[in-house]
Amino acid sequence: MSGAGKKVVDVAFKAGKSIDWEGMAKLLVSDEARKEFATLRRTFDEVNSTLQTKFSQEPEPIDWEYYRKGIGSRLVDMYKEAYESVEIPKFVDTVTPQFKPKFDALVRINSILDPLLPVSVVLLVELKEAEEKSLKESERLEKEIADVQELKQKISTMTADEYFEKHPELKKKFDDEIRNDNWGY
């Protein structure tokens with residue numbers, strides 16, 4: 001393989017090895033994010049695999065003698081000369097020098113924040129759980145408040161049977177007391 005193609009394959013291979021997929025997966029909190037992340041990882045692996053197989057092999061050398069027998073020497077020599085005169089220009093990287101200082105600065109910041117990341121992830125998960133618990137408790141309390149307000153409005157006209165219908169545990173308690181001849185004296 002020639003220089004530029006090999007360099008692309010090497011960079012892609014090294015990038016694939018240095019990505020902490022499991023670490024990033026732990027940071028995701030929603031199922032949708034996990035699905036998108038799995039798609040990203042699968043796509044990355046497919047592209048990396050293509051780069052490894054397609055660009056990691058040297059092209060097969062041309063068998064000029066085979067073509068000379070079938071086509072003729074003069075035409076094959078002309079193609080061979082044209083083929084050998086083709087020069088693939090060297091890739092000159094003008095982008096990396098512009099962004100390398102910024103990238104290095106981000107790496108330094110990341111090294112400072114990296115120890116804090118697991119703590120913040122745990123806090124985020126705990127906060128999410130506390131929020132869900134709080135919302136459920138709020139729903140329960142709002143329902144209880146509505147029940148009490150309804151009871152407050154109806155209490156003056158409510159019969160004992162209507163009250164016991166809403167509170168069967170009290171009916172059972174009173175029935176047990178009467179049955180056991182325990183009148184609360």
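E65, R68 and D77 are linked in a network of salt bridges, and that is a good place to start looking around. This is a predicted model, so please read everything below as computed from its atoms. In total, the count of salt bridges comes to 14. From there, the briefing moves to a nonpolar surface patch and to one helix.

**A salt bridge between two helices**
- R41 pairs with E22 in a salt bridge, and their closest N and O atoms are 3.4 Å apart.
- Because R41 belongs to helix α3 (residues 31-54) and E22 to helix α2 (residues 21-26), the pair ties together parts that are 19 residues apart in sequence.
- R41 has a relative accessible area of 30%, so R41 is partly exposed.
- E22 is also partly exposed, with 48% relative accessibility.

**Salt bridges inside a helix**
- In helix α6 (residues 96-113), K100 and D104 sit 4 residues apart, about one turn of the helix.
- The side chains of K100 and D104 meet in a salt bridge, with 3.4 Å from N to O.
- K100 counts as partly exposed at 44% relative accessibility, and D104 counts as partly exposed at 28%.
- Helix α9 holds another such pair: K171 and D175 are 4 residues apart there, about one turn of the helix.
- The closest N and O atoms of the K171 and D175 salt bridge are 3.3 Å apart.
- K171 is partly exposed with a relative accessible area of 36%, while D175 is partly exposed at 32% relative accessibility.

**A nonpolar patch on the surface**
- Look on the surface for I62, Y66, Y67, I71, L75, M78, Y79 and Y83, which form a nonpolar patch with about 880 Å² of accessible area together.
- Two elements, α4 (64-71) and α5 (73-85), give two or more residues to this patch.
- The most comes from α5, which gives 4 residues.
- I71, one of the patch residues, has its place in helix α4.
- With 51% relative accessibility, I71 counts as exposed, because exposed means over 50%.

**Helix α9 and what follows**
- Helix α9 covers residues 168-179, which makes 12 residues.
- At 1.5 Å a residue, α9 should span 16 Å, and its end C-alpha atoms are indeed 16 Å apart, so the two values agree.
- After α9 comes D181, whose phi is positive, near 60°.

Key: Residues numbered from 1 in each chain as written. Predicted model: local features only at pLDDT ≥ 70, side-chain atom pairs only at ≥ 80, totals over all residues. Heavy atoms only, no water. Patch = residues over 30% accessible without salt bridge, like charges linked within 9 Å, V, L, I, M, F, W, Y side chains within 5 Å. Areas by Shrake-Rupley, 256 points an atom, 1.4 Å probe, with all protein chains shown as cover. Salt bridge = Lys/Arg side-chain N within 4 Å of Asp/Glu carboxyl O. Buried < 20%, exposed > 50% of the residue type's maximum accessible area, 1.4 Å probe, protein only. Expected span 1.5 Å × (residues − 1).
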